[in-house]
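Got a minute to look at a protein model together? Have the picture in front of you, and we'll talk it through.

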Amino acid sequence: MNCKKAVSMIPAYLEDDLSAKDLQAFLEHIDNCADCSEELSIQFLITEGLSTLSTGDSYDLQTAMTDKVRESHRDITVHNRLFLLRNIGVILVVLMTIAAFVAIYLVFFR
Ligand SMILES: [Zn+2]
């Protein structure tokens with residue numbers, strides 16, 4: 001992913017509107033690109049800062065930003081684990097189906 005693409009995805013990221021695949025690519029870029037990471041911070045501060053102003057809460061925006069990125073990483077990890085588990089599940093079902101056919105063949109057709 002290049003910087004232009006990463007920056008274009010920031011609003012969607014802040015809206016929690018990226019697909020898991022896009023989110024993973026986005027986070028990988030943000031983790032390794034100081035410029036885009038800074039741009040994300042700025043846009044986060046603007047978006048969150050405005051909503052904070054309207055509610056009157058004062059909280060540490062930089063910490064909130066760090067928390068959000070950390071949470072996104074966790075979401076991706078969970079997503080990838082579930083994906084892996086699902087694939088293992090599919091493979092098991094296929095293997096069990098084959099085993100069932102083999103068993104039926106051995107019992108009835110030999
Ligand atoms: Zn970048």
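What follows is a short chat between a reader and an author about this predicted model.

Reader: Which kinds of elements, and how many, does the protein chain have?
Author: Trace the chain from the N terminus and you read α-α-α-α. No strands turn up, so to speak: the count of strands is zero, and the count of helices is four.

Reader: Which helix has the highest mean pLDDT, and which the lowest?
Author: Overall the protein chain averages a pLDDT of 89, and 93% of the residues score at least 70. Go element by element, and the lowest mean is 84, for helix α3 (residues 34-55), while the highest is 96, for helix α1 (residues 3-14).

Reader: Is the chain more spread out than a compact globule, or less?
Author: Picture the box that the C-alpha atoms fill: roughly 75 × 30 × 15 Å along the principal axes. For 110 residues the globule rule gives 13 Å, but the radius of gyration is 23 Å, well over that. So the protein chain is more spread out than a compact globule.

Reader: How far apart are the end C-alpha atoms of helix α4?
Author: Helix α4 (residues 61-108) has 48 residues, and at 1.5 Å a residue they should span 70 Å. The model agrees with that, because the end C-alpha atoms of α4 are 70 Å apart.

Reader: Does α4 lie buried or largely in the open?
Author: Of the 110 residues in the protein chain, 9% count as buried. In α4, the number buried is zero out of 48 residues, so α4 lies largely in the open.

Reader: Where do the buried residues of α1 sit around its axis?
Author: The buried residues of α1 are Ala6, Met9, Ile10 and Tyr13. They cover an arc of only 140 degrees around the axis, so they sit on the same side of α1.

Reader: Which exposed residues are on the face of α1 turned away from its buried side?
Author: Flip to the face turned away from the buried side of α1 and you meet exposed residues. They are Lys4, Ser8 and Pro11.

Reader: How wide an arc do the buried residues of α2 cover?
Author: In helix α2 (residues 20-32), the buried residues are Leu23, Phe26 and Ile30. They are on the same side of α2, because the arc they cover around the axis is only 70 degrees.

Reader: And which exposed residues does the face of α2 turned away from its buried side carry?
Author: Look at the face of α2 turned away from its buried side. The exposed residues there are Lys21, Asp31 and Asn32.

Methods:
Residues numbered from 1 in each chain as written. Predicted model: local features only at pLDDT ≥ 70, side-chain atom pairs only at ≥ 80, totals over all residues. pLDDT = per-residue confidence, 0-100. Helix = DSSP H or I, 4+ residues; strand = E, 2+ residues; numbered from the N terminus. Expected span 1.5 Å × (residues − 1). Buried ≥ 20, exposed ≤ 12 C-beta atoms within 10 Å, placed from the backbone. Arc of directions from axis to C-beta. Rg over C-alpha atoms; globule rule 2.2 N^0.38 Å.
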